[in-house]
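Me: I have a model open on my screen and would like a close look at a single part of it. Could you walk me through one helix and how it sits in its surroundings?

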Amino acid sequence: MAEPVLILDGVRKSFGALKVTDGVSLAVAPGELHALIGPNGAGKTTLVHQISGMLTPDDGTIRFRGQDVTAFNAEKRARHGLARTFQITSTIASLSALENVALGVQAKASHPLSFFRNAASDERLNRPARAALDAVGLSERAHVPAGSLSHGEKRALEIAMALALEPAAILLDEPLAGVGKEEGERLIALLKSLKGRYAMLLVEHDMEAVFALADTVSVLVYGRVIASGDPAVVRADPAVREAYLGEEGG
Amino acid sequence: MSSATTTSEVSSVAPPRERAKLLLPAILFLLLALAPLAVTIGMPAGWLALLTRALIFAIAALSLDLILGVGGLVSFGHAAFLGIGAYVTGIMITEGRSEALVILPVILGVCALFGAITGAVCLRTRGVAFIMITLAFGQMVYFLAQALSAYGGDDGLTLYEKSTLLGFNPFANRTSFYYSVLIALAGAYLLVRGFVASRFGRVLRAARENPVRVSVTGFDVTKVRLVAYVISGMLAGLSGFFLANHTEFVSPAFMSWQRSGELIFMAVLGGVGSLHGAIIGAIAYLIAEDALSHLTEHWRVIFGPMIILFVLFTRGGIVGMLRKLGPRHG
Ligand SMILES: Nc1ncnc2c1ncn2[C@@H]1O[C@H](COP(=O)(O)OP(=O)(O)O)[C@@H](O)[C@H]1O
Ligand SMILES: [Mg+2]
């Protein structure tokens, strides 16, 4: 197997006495879709925050593309090709969908903070941005302010914003959260279309989606990975069934 | 309200029209360019002096709008830059260096330095803490000016001559001084407008709404804000240059926290974030202040609540109101 893009080794994080991340180690290979499942409050979002650089782990290392990025802040990790989406949609509401994506294109451009070019009419930014919008099925909505998009469209927009960074890995924190059945199916199809092209760490509650998409599944309970591996094997694991899947199956 | 859906449908196929956004500023600058004619047809000459003063404050309010309206940073110490510009001008003229092309680079340099140092500290904080720290730095400069006993200290410094420009005296004549200020204001406006529309400006705007998103997109939000803060301070310094030449007097009061508050009022009155709103706000503020102070010495008691009510009821200040009155776009 190829050298993993993303490697977590013994990552720990506590909020006061609460161990939210309790020695997590996992690896994501290039092109692999690695699902991270676990009950509410298991520490999934907190882990994603630590991988993306929004929170610093108390202990352990995070390696990305062969480099120890544990000490890098969020913007530096993004520039290294680590993109993410948020459990609670996070876009720039007043900017159009196209501009939201172009912001990401701009981050990778040769003069990301130029004073002298008009950004809105800059084809060097808009062309790749339109391509990313196209990839998520939002071309028709390019000029709608992000704040006026439907919830499902916003989720798709966030994925386009991640794609704009030409990332090596994408962290997806519950991309289907709060989305209806129809839009959910569209998003699952979208993630499927991206599969193999990016390393993805997918935090998801929707079991159907996870087992349809994932190459590998890790189960996080109380900040610990209690099982990890092939989806079918993880699904059959008695510990997993007890801790997590059991409650779903009723 | 009913036009909201139509607007979004229209804009989903075509980008919002840029030309409509240019109309109001174009009318504004045209009127300002013609304003001196009003004096020739009988308006009192003091009126042009008032308008000149308004345009000087408009430069400062515009510069504040770059960080306040566009960047979302409520600075309560912006008058410090204005005061620094005025004091550098006053001190240099007193020392016999009255050439504008010598004074202005010094002002811009000092304001940039002051902005970089104080900005680096202020921008570690957000919200109310940011307001308090900018206020504290503003007061620091205020007390520093009071302590400058060689240059008038508490009493201020009277200037016995004005700046020259390339050896000429454009600031000595009332009309040419007005046009000098207007040209500076127009230049500052175009510059800031260009910034806001640029890649840099897009990041600054985005960070006002969602700094976390901007940083996980790979931008250093603090750096971008600091650059905006420095540019904003330099432009406010420019307005200080004109203010010193206009009043022929500088004093610590130029940079009191009340003055910083007035600049915020001007920007909010006009409508934050639109840039030309700050200009309109400054003009409206100074004219209203002048009119009310002629009526009663307690004008502040009337003026404060008036502004608050106005801003509450118009939402988006004067510019927001004009937009509602104007033709529907789309
Ligand atoms: N900033 C914080 N301070 C204190 N506790 C937190 C903080 N963020 C999350 N937690 C707690 O950590 C636990 C894990 O939260 P989270 O990572 O959001 O879980 P998940 O995404 O798996 O639902 C929860 O009990 C939550 O209340
Ligand atoms: Mg979560």
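Reply: Happy to; here is a look at helix α5 of chain A and the chain around it. This is a predicted model, in which local features need pLDDT of at least 70, side-chain atom pairs count only at pLDDT 80 or more, and totals for chains, interfaces and linings use all residues. Residues are numbered from 1 along each chain as its sequence is written, chains are lettered from A and ligands numbered from 1 in the order in which they are written, and side-chain values use heavy atoms, with hydrogens and water left out.

Let's start with the helix itself. Helices here are DSSP runs (H or I, at least four residues), as are strands (E, at least two), numbered from the N terminus. Helix α5(A) covers residues 151-163, and its 13 residues reach 19 Å from first C-alpha to last, close to the 18 Å expected at 1.5 Å a residue; that expectation is 1.5 Å times one less than the number of residues.

Now its surroundings. Of the 13 residues in α5(A), 11 are buried, where buried means under 20% relative accessible area (1.4 Å probe, protein chains only). Among them are Gly152(A), Glu153(A), Arg155(A) and Leu157(A). The cover over these buried residues includes β6, α3, α4, β7 and α6 of chain A, together with α9 of chain B; contact means heavy atoms within 4.5 Å.

Stepping back, chain A has 9 helices and 10 strands. Buried residues make up 54% of its 250 residues, and its C-alpha atoms fill a box of roughly 55 × 40 × 40 Å along the principal axes.

Technical notes: Buried < 20%, exposed > 50% of the residue type's maximum accessible area, 1.4 Å probe, protein only.
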